Amino acid sequence: MSYSRKAHDLESAALGERRPEGVSDDTVAAVGKLSEALESLERARGHLYSFHQMMGHTDLLLGDAVDQLREAGHGDIAEELDEELIGRNVIEGRWTFQIVEDFDDNYWAAFREHERRTRDKLQGGVRHVFEAEMKERRRTGGRRHHEAKP
């Protein structure tokens, strides 16, 4: 057996140890899909936080515009914008920080907990089994930058 083949086999065995004994391909695929859903949720949460920050920035810019309108002699328009828009709720009764908090407390945290519990029950808590096995199938064994592990 060549050195590169032997190295590949050793790396493959080390990577293959991620899957707990007795876990089926169907289970790995299903838990992998749940993990993918969690990743999508994390991206959505990032967009929500971006929205939160952008709306805060918008309100501050609006305040600057109102000040400039006042200074330019347009007090009536500035007053209307100040009273109607500055500090206004973006959703009935809520600023964006309240939306973020509600999302985190009532959906994001629950989703993460269910994903963890499912992974614990079905894969002994091991993360990314599906991805690790995909990596093993796709890499070139024994080749630099294709190592199984760091």
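These exercises work through ring pairs and salt bridges in a predicted model.

**Exercise 1. Classify the pair formed by the rings of Phe103 and Tyr107.**

Start with the geometry. The ring centres are 6.1 Å apart, and the planes meet at 35°. Centres within 6.5 Å make a pair. Planes under 30 degrees apart would be stacked, and over 60 edge-to-face. The angle is 35°, so Phe103 and Tyr107 are tilted. Now place them: both lie in helix H4 (residues 96–123), four residues apart, about one turn of the helix.

**Exercise 2. Extend the ring pairs from Tyr107 into a cluster.**

Tyr107 also pairs with Phe111. The centres are 5.9 Å apart and the planes are at 50°, again a tilted pair. Tyr107 and Phe111 sit four residues apart in helix H4. Ring pairs thus link Phe103, Tyr107 and Phe111. A search of the whole structure gives three aromatic pairs.

**Exercise 3. Find which residue lies over the face of Trp108.**

The residue is Arg45, at 3.7 Å from the ring centre.

**Exercise 4. Trace the salt bridges of Arg116 along helix H4.**

Take Glu113 to begin with. Its side chain meets Arg116 at 2.5 Å, N to O. Glu113 and Arg116 are three residues apart in helix H4, about one helical turn. Then take Asp120. The closest N and O atoms of Arg116 and Asp120 are 2.4 Å apart. These two are four residues apart in helix H4. Check exposure next. Glu113 has 30% relative accessibility, Arg116 33% and Asp120 33%. Buried needs under 20% and exposed over 50%, so Glu113 is partly exposed.

**Exercise 5. Identify the salt-bridge network that includes Asp25.**

Asp25 meets Arg19 at 2.9 Å, N to O. The network links Arg19, Asp25 and Glu133. Asp25 is exposed, at 55% relative accessible area.

Key: Residues numbered from 1 in each chain as written. Predicted model: local features only at pLDDT ≥ 70, side-chain atom pairs only at ≥ 80, totals over all residues. Heavy atoms only, no water. Phe/Tyr/Trp six-rings, centres within 6.5 Å; stacked < 30°, edge-to-face > 60°. Lys NZ or Arg CZ within 6 Å of the ring centre and 35° of its normal. Salt bridge = Lys/Arg side-chain N within 4 Å of Asp/Glu carboxyl O. Buried < 20%, exposed > 50% of the residue type's maximum accessible area, 1.4 Å probe, protein only.
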